[in-house]
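Thanks, everyone, for making the time this morning. I would like to walk you through one structure, starting from its interior and then moving out to the whole chain.

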Amino acid sequence: MKKAIYVEGLSEMVFVYQMIKNHFDEDWNQFHISCLNLRNASTTPHPEDYGCENAENQFLVRNVGNDESVVSSLIDDFKGLHNQGYEQVLGLRDVYGKNYKEQYGSSMEKADINDFINSMQATLQSCVGSKDLSLHFAIMEVETWLLAIADNHVFQDIDSRLTDDWIRDKANVNMDEDMENTLFHPYVTLKKILESVGKSYDKHWDDIKNIVYKLNKNDFESLFHSGKCNSYRTFHDSVFK
């Protein structure tokens with residue numbers, strides 16, 4: 001298995017990195033993962049390479065720097081990656097963003113979300129070799145996945161006050177719901193939750209690590225089997241199939 005994964009930002013990069021490491025139980029000999037920032041590479045931090053360079057399972061995670069660059073970067077780089085032996089090239093971006101808001105406002109109607117996703121997929125399918133390309137969307141943002149997965153224990157690890165009742169009171173969110181269907185801008189919700197106990201979440205390196213590096217294999221498996229965040233299950237299956 002040799003796959004390249006293009007993501008829109010640092011949060012997505014660190015999430016994918018941690019997901020892959022835990023999938024293989026952090027067994028150095030089973031896989032290798034390398035992360036690269038395509039913008040401001042010398043100044044933007046990223047997870048360090050992990051695993052055996054000769055392992056059977058090889059992953060390259062590239063942060064393209066914004067949501068609108070994911071599709072164009074996939075198309076531009078696909079041929080070169082394919083020539084380097086990458087069997088599949090995947091993209092991961094949020095639904096939420098400037099283009100979505102311009103077209104659909106604050107709608108969370110499934111028809112509007114699907115229409116937006118399908119328009120992006122159509123652009124990708126025009127690329128030669130598109131059978132080895134796949135584009136995935138976090139609905140509405142990767143922070144939806146973080147909120148759902150952090151409810152296992154991570155919020156309590158960060159601050160013992162962060163119970164479901166506290167979060168409901170401070171951020172007006174029900175942690176039992178499938179937030180993929182209820183939160184238009186999950187980043188704001190996660191930021192509000194953490195600020196309620198004096199912590200920050202501004203998508204900076206330390207903010208992201210403070211959450212994502214606490215996730216373990218059981219957390220990812222629990223989210224996969226929870227019946228919530230179907231967009232996560234679809235992406236997970238594509239990475240490891």
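**The interior, then the whole**

The largest nonpolar core, meaning a set of buried Ala, Val, Leu, Ile, Met, Phe, Trp, Tyr and Cys residues joined through side-chain atoms within 4.5 Å, has 56 residues, and those with the most contacts inside it are Ile20, Trp145 and Phe155. Buried here stands for under 20% relative accessible area, with a 1.4 Å probe and protein chains only. Helix H1, residues 10-23, gives this core its largest share, eight residues, where a helix is a DSSP run of H or I with at least four residues and a strand a run of E with at least two, numbered from the N terminus. Leaving aside residues up to four places away in sequence, Ile20 touches Ile5, Phe31, Ile33, Phe59, Val239 and Phe240, a contact being heavy atoms within 4.5 Å. Apart from this core lies another, of 27 residues, including Ile113, Ile117, Leu133 and Phe184.

I should say that this is a predicted model, in which local features need pLDDT of at least 70 and side-chain atom pairs count only at pLDDT 80 or more, while totals for chains, interfaces and linings use all residues. Residues are numbered from 1 along each chain as its sequence is written, and side-chain values use heavy atoms, with hydrogens and water left out.

Stepping back, the protein has 11 helices and six strands. Of its 241 residues, 53% count as buried, and the C-alpha trace spans about 55 × 45 × 35 Å along its principal axes. Among contacts between residues at least 6 apart in sequence, 73% join residues at least 24 apart.

Definitions and conventions
Buried means under 20% relative accessible area, exposed over 50%, partly exposed in between (1.4 Å probe, protein chains only).
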